[in-house]
Amino acid sequence: MTNPTYRRILLKLSGEVLMGEQGFGIDPATVASMAAEVKAAKETGLEICLVIGGGNIFRGMAGAAKGMDRAQADYMGMLATVMNALAMQNALEQIGVHTRVQSAVQMDQVCEPVIRRRAERHLEKGRVVIFAAGVGSPYFTTDSGAALRAAEMKCDALFKGTSVDGVYDSDPKTNASAKRYDVVSYDTVLADNLKVMDASAIALCRDSNIPIIVFNIREPGNLARVLAGEGTSTLVGN
Ligand code: UDP
(Lines give C-alpha, C1' and ligand atoms only; values in the text may rest on other atoms or scores of the structure.)
Protein backbone atom coordinates (compact mmCIF):
# COMPACT_ATOMS: atom_id res chain seq x y z
CA MET A 1 0.00 0.00 0.00
CA THR A 2 1.49 3.34 -1.01
CA ASN A 3 0.73 6.53 0.89
CA PRO A 4 -2.76 7.36 -0.29
CA THR A 5 -4.00 10.89 -0.07
CA TYR A 6 -7.54 11.07 1.14
CA ARG A 7 -9.80 14.06 0.78
CA ARG A 8 -12.85 12.68 2.53
CA ILE A 9 -13.17 9.57 4.66
CA LEU A 10 -15.82 7.79 6.62
CA LEU A 11 -14.71 6.57 10.02
CA LYS A 12 -16.74 3.73 11.50
CA LEU A 13 -16.35 3.03 15.20
CA SER A 14 -18.13 0.16 16.86
CA GLY A 15 -20.10 1.16 19.93
CA GLU A 16 -17.83 -1.04 21.99
CA VAL A 17 -14.87 1.28 21.60
CA LEU A 18 -16.78 3.93 23.59
CA MET A 19 -17.25 1.80 26.69
CA GLY A 20 -13.57 1.70 27.65
CA GLU A 21 -12.84 -0.85 30.35
CA GLN A 22 -16.28 -0.70 31.93
CA GLY A 23 -17.93 -3.41 29.80
CA PHE A 24 -21.11 -1.49 29.04
CA GLY A 25 -22.35 1.95 28.05
CA ILE A 26 -20.48 5.16 27.48
CA ASP A 27 -17.22 6.01 29.24
CA PRO A 28 -16.77 9.80 28.87
CA ALA A 29 -12.96 9.61 29.14
CA THR A 30 -12.83 7.03 26.34
CA VAL A 31 -15.19 9.09 24.17
CA ALA A 32 -12.91 12.10 24.77
CA SER A 33 -9.86 10.15 23.63
CA MET A 34 -11.70 9.00 20.48
CA ALA A 35 -12.70 12.62 19.83
CA ALA A 36 -9.04 13.65 20.12
CA GLU A 37 -8.16 11.08 17.46
CA VAL A 38 -10.81 12.50 15.16
CA LYS A 39 -9.64 16.06 15.80
CA ALA A 40 -6.02 15.16 14.98
CA ALA A 41 -7.14 13.53 11.73
CA LYS A 42 -9.29 16.50 10.86
CA GLU A 43 -6.44 18.93 11.40
CA THR A 44 -4.63 17.35 8.47
CA GLY A 45 -7.34 18.89 6.28
CA LEU A 46 -9.53 15.83 5.89
CA GLU A 47 -13.29 15.88 5.61
CA ILE A 48 -14.68 13.36 8.05
CA CYS A 49 -17.98 11.48 8.17
CA LEU A 50 -18.46 9.45 11.31
CA VAL A 51 -20.65 6.43 11.99
CA ILE A 52 -20.81 4.91 15.47
CA GLY A 53 -22.44 1.59 16.32
CA GLY A 54 -24.57 0.85 19.34
CA GLY A 55 -23.25 -2.46 20.61
CA ASN A 56 -22.06 -0.91 23.89
CA ILE A 57 -25.71 -0.28 24.75
CA PHE A 58 -28.03 -2.57 22.80
CA ARG A 59 -27.93 -4.95 19.86
CA GLY A 60 -31.14 -6.12 18.23
CA MET A 61 -29.85 -9.68 17.83
CA ALA A 62 -29.20 -9.91 21.57
CA GLY A 63 -32.75 -8.77 22.31
CA ALA A 64 -34.15 -11.22 19.75
CA ALA A 65 -32.13 -14.06 21.30
CA LYS A 66 -33.97 -13.37 24.55
CA GLY A 67 -37.37 -13.54 22.89
CA MET A 68 -37.95 -9.97 21.75
CA ASP A 69 -39.40 -9.19 18.35
CA ARG A 70 -36.33 -8.65 16.15
CA ALA A 71 -37.54 -5.47 14.46
CA GLN A 72 -38.55 -3.91 17.77
CA ALA A 73 -35.17 -4.79 19.25
CA ASP A 74 -33.40 -3.37 16.20
CA TYR A 75 -35.16 -0.04 16.64
CA MET A 76 -33.82 0.02 20.19
CA GLY A 77 -30.36 -0.64 18.77
CA MET A 78 -30.77 2.27 16.38
CA LEU A 79 -31.71 4.54 19.29
CA ALA A 80 -28.54 3.38 21.05
CA THR A 81 -26.49 4.61 18.10
CA VAL A 82 -28.11 8.03 18.44
CA MET A 83 -27.02 8.21 22.08
CA ASN A 84 -23.46 7.37 21.06
CA ALA A 85 -23.58 9.97 18.30
CA LEU A 86 -24.68 12.63 20.79
CA ALA A 87 -21.92 11.61 23.21
CA MET A 88 -19.35 11.91 20.45
CA GLN A 89 -20.77 15.23 19.29
CA ASN A 90 -20.45 16.55 22.82
CA ALA A 91 -16.85 15.36 23.14
CA LEU A 92 -15.85 16.80 19.76
CA GLU A 93 -17.45 20.18 20.42
CA GLN A 94 -15.74 20.38 23.82
CA ILE A 95 -12.41 20.35 22.00
CA GLY A 96 -13.50 22.85 19.37
CA VAL A 97 -14.51 20.56 16.49
CA HIS A 98 -17.75 21.65 14.86
CA THR A 99 -20.17 18.85 14.20
CA ARG A 100 -23.66 17.94 13.09
CA VAL A 101 -25.53 14.75 13.87
CA GLN A 102 -27.83 13.42 11.15
CA SER A 103 -30.08 10.53 12.10
CA ALA A 104 -31.74 8.05 9.73
CA VAL A 105 -34.59 7.90 12.26
CA GLN A 106 -36.00 11.39 12.48
CA MET A 107 -35.57 13.08 15.85
CA ASP A 108 -36.16 16.76 15.29
CA GLN A 109 -35.49 17.87 18.85
CA VAL A 110 -32.03 16.37 19.06
CA CYS A 111 -30.50 16.27 15.60
CA GLU A 112 -31.01 16.73 11.87
CA PRO A 113 -32.48 14.09 9.59
CA VAL A 114 -30.14 12.58 7.02
CA ILE A 115 -30.09 14.98 4.06
CA ARG A 116 -27.20 14.25 1.75
CA ARG A 117 -26.89 17.72 0.26
CA ARG A 118 -26.98 19.32 3.67
CA ALA A 119 -24.33 16.89 4.92
CA GLU A 120 -22.24 17.86 1.90
CA ARG A 121 -22.48 21.53 2.92
CA HIS A 122 -21.50 20.73 6.51
CA LEU A 123 -18.39 18.95 5.29
CA GLU A 124 -17.49 21.87 3.03
CA LYS A 125 -17.75 24.14 6.06
CA GLY A 126 -15.33 21.96 7.98
CA ARG A 127 -17.84 20.21 10.21
CA VAL A 128 -17.65 16.56 11.11
CA VAL A 129 -20.93 14.89 10.18
CA ILE A 130 -21.97 12.07 12.52
CA PHE A 131 -24.49 9.75 10.88
CA ALA A 132 -26.68 7.99 13.43
CA ALA A 133 -29.29 5.19 13.35
CA GLY A 134 -27.55 3.19 10.62
CA VAL A 135 -29.65 2.90 7.50
CA GLY A 136 -32.82 3.55 9.51
CA SER A 137 -34.27 0.06 9.04
CA PRO A 138 -34.25 -3.05 11.18
CA TYR A 139 -32.29 -6.13 10.04
CA PHE A 140 -29.33 -3.93 9.14
CA THR A 141 -26.23 -2.91 11.06
CA THR A 142 -24.21 0.25 11.39
CA ASP A 143 -21.57 -1.41 9.19
CA SER A 144 -24.10 -1.31 6.38
CA GLY A 145 -24.97 2.24 7.41
CA ALA A 146 -21.29 3.15 7.21
CA ALA A 147 -20.91 1.59 3.75
CA LEU A 148 -24.06 3.34 2.54
CA ARG A 149 -23.00 6.78 3.81
CA ALA A 150 -19.47 6.28 2.49
CA ALA A 151 -20.95 5.59 -0.95
CA GLU A 152 -23.46 8.41 -1.01
CA MET A 153 -21.01 10.95 0.44
CA LYS A 154 -18.39 9.79 -2.09
CA CYS A 155 -15.81 9.03 0.56
CA ASP A 156 -12.39 7.93 -0.65
CA ALA A 157 -12.20 5.19 1.96
CA LEU A 158 -13.98 3.63 4.89
CA PHE A 159 -11.80 3.41 7.99
CA LYS A 160 -13.03 0.77 10.37
CA GLY A 161 -11.64 1.37 13.86
CA THR A 162 -11.73 -1.77 16.00
CA SER A 163 -9.81 -3.33 18.86
CA VAL A 164 -7.62 -5.45 16.57
CA ASP A 165 -4.96 -4.21 14.17
CA GLY A 166 -6.42 -5.63 10.97
CA VAL A 167 -8.08 -8.63 9.36
CA TYR A 168 -6.81 -12.09 10.29
CA ASP A 169 -7.34 -15.45 8.62
CA SER A 170 -8.74 -16.71 11.93
CA ASP A 171 -9.54 -15.15 15.30
CA PRO A 172 -6.25 -13.86 16.80
CA LYS A 173 -7.81 -13.91 20.27
CA THR A 174 -8.28 -17.68 20.18
CA ASN A 175 -5.64 -18.77 17.65
CA ALA A 176 -2.06 -17.67 18.41
CA SER A 177 -0.91 -18.56 14.86
CA ALA A 178 -3.58 -16.44 13.13
CA LYS A 179 -2.09 -14.41 10.25
CA ARG A 180 -2.92 -10.79 9.54
CA TYR A 181 -3.48 -9.72 5.95
CA ASP A 182 -1.82 -6.52 4.70
CA VAL A 183 -4.20 -6.53 1.75
CA VAL A 184 -7.17 -8.78 1.10
CA SER A 185 -9.87 -8.71 -1.57
CA TYR A 186 -13.57 -8.13 -0.93
CA ASP A 187 -14.27 -11.50 -2.52
CA THR A 188 -11.88 -13.34 -0.17
CA VAL A 189 -13.47 -11.60 2.81
CA LEU A 190 -16.89 -12.74 1.63
CA ALA A 191 -15.89 -16.26 0.54
CA ASP A 192 -13.91 -17.00 3.71
CA ASN A 193 -16.41 -15.20 5.95
CA LEU A 194 -13.60 -13.12 7.48
CA LYS A 195 -14.68 -10.93 10.38
CA VAL A 196 -14.43 -7.44 8.92
CA MET A 197 -17.96 -6.12 8.50
CA ASP A 198 -21.18 -7.89 7.64
CA ALA A 199 -21.58 -9.23 4.10
CA SER A 200 -23.99 -6.55 2.88
CA ALA A 201 -21.54 -3.82 3.95
CA ILE A 202 -18.63 -5.54 2.19
CA ALA A 203 -20.69 -6.03 -0.97
CA LEU A 204 -21.75 -2.39 -0.99
CA CYS A 205 -18.15 -1.23 -0.61
CA ARG A 206 -17.06 -3.63 -3.37
CA ASP A 207 -19.77 -2.43 -5.75
CA SER A 208 -18.94 1.22 -5.04
CA ASN A 209 -15.20 0.55 -5.12
CA ILE A 210 -14.60 1.95 -1.64
CA PRO A 211 -11.47 0.58 0.05
CA ILE A 212 -11.89 -0.48 3.68
CA ILE A 213 -9.00 0.06 6.07
CA VAL A 214 -9.25 -1.97 9.28
CA PHE A 215 -7.07 -0.76 12.14
CA ASN A 216 -6.83 -0.58 15.93
CA ILE A 217 -8.46 2.64 17.14
CA ARG A 218 -7.63 1.93 20.78
CA GLU A 219 -3.95 2.66 20.19
CA PRO A 220 -3.43 6.40 20.73
CA GLY A 221 -2.38 8.28 17.59
CA ASN A 222 -3.10 5.29 15.37
CA LEU A 223 -5.77 6.88 13.18
CA ALA A 224 -3.35 9.64 12.13
CA ARG A 225 -0.59 7.08 11.52
CA VAL A 226 -2.79 4.83 9.42
CA LEU A 227 -4.04 7.83 7.45
CA ALA A 228 -0.43 8.67 6.68
CA GLY A 229 0.07 5.14 5.33
CA GLU A 230 2.05 4.14 8.45
CA GLY A 231 1.10 1.85 11.30
CA THR A 232 -0.47 -1.57 11.07
CA SER A 233 -3.73 -2.13 9.24
CA THR A 234 -5.41 -4.26 6.61
CA LEU A 235 -6.62 -2.85 3.32
CA VAL A 236 -9.70 -4.55 1.87
CA GLY A 237 -10.02 -3.76 -1.82
CA ASN A 238 -10.35 -5.32 -5.25
N1 UDP B 1 -29.45 -1.30 13.76
C2 UDP B 1 -30.49 -1.51 12.85
N3 UDP B 1 -30.40 -0.95 11.60
C4 UDP B 1 -29.33 -0.23 11.21
C5 UDP B 1 -28.26 -0.03 12.12
C6 UDP B 1 -28.35 -0.58 13.39
O7 UDP B 1 -31.47 -2.17 13.17
O8 UDP B 1 -29.31 0.24 10.07
C9 UDP B 1 -29.56 -1.83 15.14
C10 UDP B 1 -29.24 -3.31 15.26
O11 UDP B 1 -30.10 -3.86 16.23
C12 UDP B 1 -27.82 -3.29 15.78
C13 UDP B 1 -27.82 -2.10 16.68
O14 UDP B 1 -28.66 -1.14 15.99
O15 UDP B 1 -27.50 -4.47 16.50
C16 UDP B 1 -26.48 -1.49 16.97
O17 UDP B 1 -25.71 -1.38 15.80
P18 UDP B 1 -24.44 -2.33 15.51
O19 UDP B 1 -24.70 -3.72 16.00
O20 UDP B 1 -24.08 -2.17 14.09
O21 UDP B 1 -23.34 -1.64 16.44
P22 UDP B 1 -21.77 -1.97 16.63
O23 UDP B 1 -21.62 -3.46 16.56
O24 UDP B 1 -21.04 -1.31 15.52
O25 UDP B 1 -21.44 -1.38 17.96
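This report walks through a predicted model, starting with the record and ending with a few single residues.

## What the record says

A good place to begin is the UniProt entry, which is unreviewed. Its annotation "domain: Aspartate/glutamate/uridylate kinase" covers residues 8–216. Over residues 8–216 the model is 39% helix and 18% strand. The C-alpha atoms at the two ends of that stretch are 20 Å apart.

The same kind of record, again an unreviewed entry, places the feature "binding site" at Lys12, Leu13, Ser14, Gly15, Gly55, Arg59, Thr162, Tyr168 and Asp171. These positions span 160 residues in sequence, and their farthest two C-alpha atoms are 24.3 Å apart, so they do not all gather at one spot.

## The sheet

Now for the strands. Nine of them form an open sheet, and if you follow it from one side to the other you meet β4-β3-β5-β2-β1-β6-β8-β9-β7. The pairing in this sheet is mixed. At the edges stand β4 (112–113) and β7 (183–185); each has a single partner strand, so one side of each is left without a neighbour in the sheet. As background, the strands of a sheet pair through backbone hydrogen bonds, either parallel or antiparallel.

Strand β3 (residues 99–103) is a helpful one to trace by eye. Two bridges join β3 to β4, and these two strands run parallel. In those bridges, glutamine 102 is partnered with glutamate 112 of β4, and serine 103 with proline 113 of β4. β3 also pairs with β5 in the parallel sense, over five bridges. One of the bridge partners there is valine 128 in β5, which faces threonine 99 in the pairing. β3 is mostly covered, with four of its five residues buried.

## Helices beside the sheet

Which strands does helix α1 lie across? Helix α1 (residues 28–42) lies across β1 (8–13), β2 (47–52) and β5 (128–132). Relative to β2, the helix runs at about 155°.

Helix α3 is another one to look for, and asparagine 90 lies in it. Asparagine 90 is partly exposed, as 14 other C-beta atoms lie within 10 Å. The C-alpha atoms of asparagine 90 and alanine 35 are separated by 9.2 Å, while the two residues are 55 residues apart along the chain.

## Around the ligand

Next, turn to the ligand and the shell of residues around it. There are 24 residues around the ligand, and those that come nearest are Gly53, Gly55, Gly60, Gly77 and Gly134. By class, the shell has 14 polar, six nonpolar and four charged residues.

Which helix gives the most to this shell? The answer is α3, with five residues. Helices α2 (60–65), α3 (70–94) and α5 (142–152) each supply at least two residues of the shell.

## Two positions from the binding-site annotation

Glycine 15, one of the positions in the UniProt "binding site" feature, sits in the loop between β1 and α1. Is glycine 15 buried or exposed? With 22 C-beta neighbours inside 10 Å, it counts as buried. Leaving aside residues up to four places away in sequence, glycine 15 touches Ile52, Gly53, Gly54, Gly55, Asn56, Ile57, Ala80 and Asn84.

Threonine 162, also among the positions in that feature, is found in strand β6 (residues 157–162). Threonine 162 is buried, with 20 other C-beta atoms within 10 Å. Again leaving aside residues up to four places away in sequence, threonine 162 touches Ser14, Val214, Asn216 and Ile217.

## Two backbone details

To finish, here are two loop residues whose backbone angles deserve a look. Tyrosine 139 is in the loop between β5 and α5. Its phi is positive, about 70°, although tyrosine 139 is not a glycine. Tyrosine 139 is exposed, with 12 other C-beta atoms within 10 Å.

Lysine 154 is found in the loop between α5 and β6. The phi of lysine 154 is near 55°, a positive value in a residue other than glycine. With 12 C-beta neighbours inside 10 Å, lysine 154 counts as exposed.

Conventions:
Residues are numbered from 1 along each chain as its sequence is written. This is a predicted model: local features need pLDDT of at least 70, side-chain atom pairs count only at pLDDT 80 or more; totals for chains, interfaces and linings use all residues. A residue is near a molecule or strand if its C-beta atom, placed from the backbone, lies within 6 Å of it. Ala, Val, Leu, Ile, Met, Phe, Trp, Tyr, Cys and Pro count as nonpolar, Asp, Glu, Lys and Arg as charged, and the others, Gly among them, as polar. Two strands pair if DSSP finds at least two bridges between them. Two residues are in contact if their C-beta atoms, placed from the backbone, lie within 7 Å. Axes are lines fitted to C-alpha atoms, for helices over the stretch in contact, and angles run from 0 to 180 degrees between N-to-C directions. UniProt positions are given in the numbering used here, feature names are shortened, and annotations may be inferred rather than shown by experiment.
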